[in-house]
Amino acid sequence: MSRLVACLVIPALLAAGPAQKATAPVEPVVQAPAGGKPAVRMPEPQAMPAPESAEAPASSADTPQPFDASAYRDLVKQAQSALAQKDWAQAGRALEQALAMKPDAREVAYNLGVARFQQGDYAGAARSFQQSAQSANAKLAARSMYNQGNSVYAETLKSLPQLPEGDAKTAPPIAPEALQQAVQQVEQALTHFKDAAAANPSDEDSAANAETSLRLLKELRKLQQQQQQQQQ
């Protein structure tokens, strides 16, 4: 089974303060689903900068209200506590509010992606990781790209009907539109894994997940050909 790199505030849960160390990353393994769909490993939360060091965001149309540093710190602390307890719903609510106040907080966006992923909102997680991938921190950007691939891959598995085992002729056909969408999503996930591997050549998980995505992509394309031949 190939591994997915933990990109959500990965190894560390949100730090409670400047002196507190981040906790070790959790990496629950997604069991291989029925129907031959390759499985990947889920992402985990990563440490955010200490709330006490938060700076006001650059003024823009996205932040029309004056920045309330105290309220922002309170939200980050709430998110830190919720993440530590794996209360993904509460963490997501606090992180969404904090990100609305400070749209350029890439670590917050990253952790929001983790919270959304853990709740099964893979499309929302992908959007959050896309945002955190814009970080100037190369490590955070690479992890974000990796987890964006995780999210797209997981969304594909969630939406794709069960793949037939063995000869596709004996299985109910899958709608061509659903197959084509799945192919495009897996291609997208593969691109994110390749980008993550390029950003961090020592990251073996990105390469492994790229292989997993490629294997599923081949299976989907083979199934497309089989169904097309049946229709002829």
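Okay, so let's start with Arg-116, which is buried, with a relative accessible area of 18%. The cut-off for buried is under 20%, so Arg-116 makes it into that group at 18%. Keep in mind that this is a predicted model.

So who does Arg-116 pair with? Its side chain meets the side chain of Glu-96 in a salt bridge, at 3.3 Å from N to O. That pair links distant parts of the chain: Glu-96 sits in helix H2, residues 88-101, while Arg-116 sits in helix H3, residues 106-118, and they are 20 residues apart. Glu-96 itself counts as partly exposed, because its relative accessibility is 39%. If you're wondering about the chemistry, side chains of opposite charge can pair when their charged atoms come close.

How many salt bridges does the count come to? Three. You've just met one of them, Glu-96 with Arg-116.

Next up, Asp-104 and Lys-102. Their side chains meet in a salt bridge too, with 3.3 Å from N to O. Is Lys-102 buried or exposed? Lys-102 is buried, with a relative accessible area of 12%. Asp-104 counts as partly exposed, at 36% relative accessibility.

Then there's Arg-221, which forms a salt bridge with Glu-187, and here the closest N and O atoms are 2.6 Å apart. This pair also links distant parts of the chain: Arg-221 is in helix H7, residues 204-231, and Glu-187 is in helix H6, residues 176-199, with their positions 34 residues apart. Both ends are partly exposed, Arg-221 at 37% relative accessibility and Glu-187 at 31%.

One more residue I'd like you to find is Gln-80. Look in helix H1, residues 69-84. Gln-80 counts as buried, because its relative accessibility is 4%. Now find Asn-111: it is 31 residues from Gln-80 along the chain, and the C-alpha atoms of the two are separated by 9.5 Å.

Okay, let's zoom out. The protein has seven helices and zero strands, so from the N terminus on you just read α-α-α-α-α-α-α. Of its 232 residues, 49% count as buried. The accessible surface comes to about 11400 Å², and 49% of that belongs to carbon and sulfur atoms.

And what about contacts along the chain? Take those with a separation of 6 or more: residues 24 or more positions apart account for 74% of them. That's my tour, so over to you.

Key:
Residues numbered from 1 in each chain as written. Predicted model: local features only at pLDDT ≥ 70, side-chain atom pairs only at ≥ 80, totals over all residues. Heavy atoms only, no water. Helix = DSSP H or I, 4+ residues; strand = E, 2+ residues; numbered from the N terminus. Buried < 20%, exposed > 50% of the residue type's maximum accessible area, 1.4 Å probe, protein only. Contact = heavy atoms within 4.5 Å. Areas by Shrake-Rupley, 256 points an atom, 1.4 Å probe, with all protein chains shown as cover. Salt bridge = Lys/Arg side-chain N within 4 Å of Asp/Glu carboxyl O.
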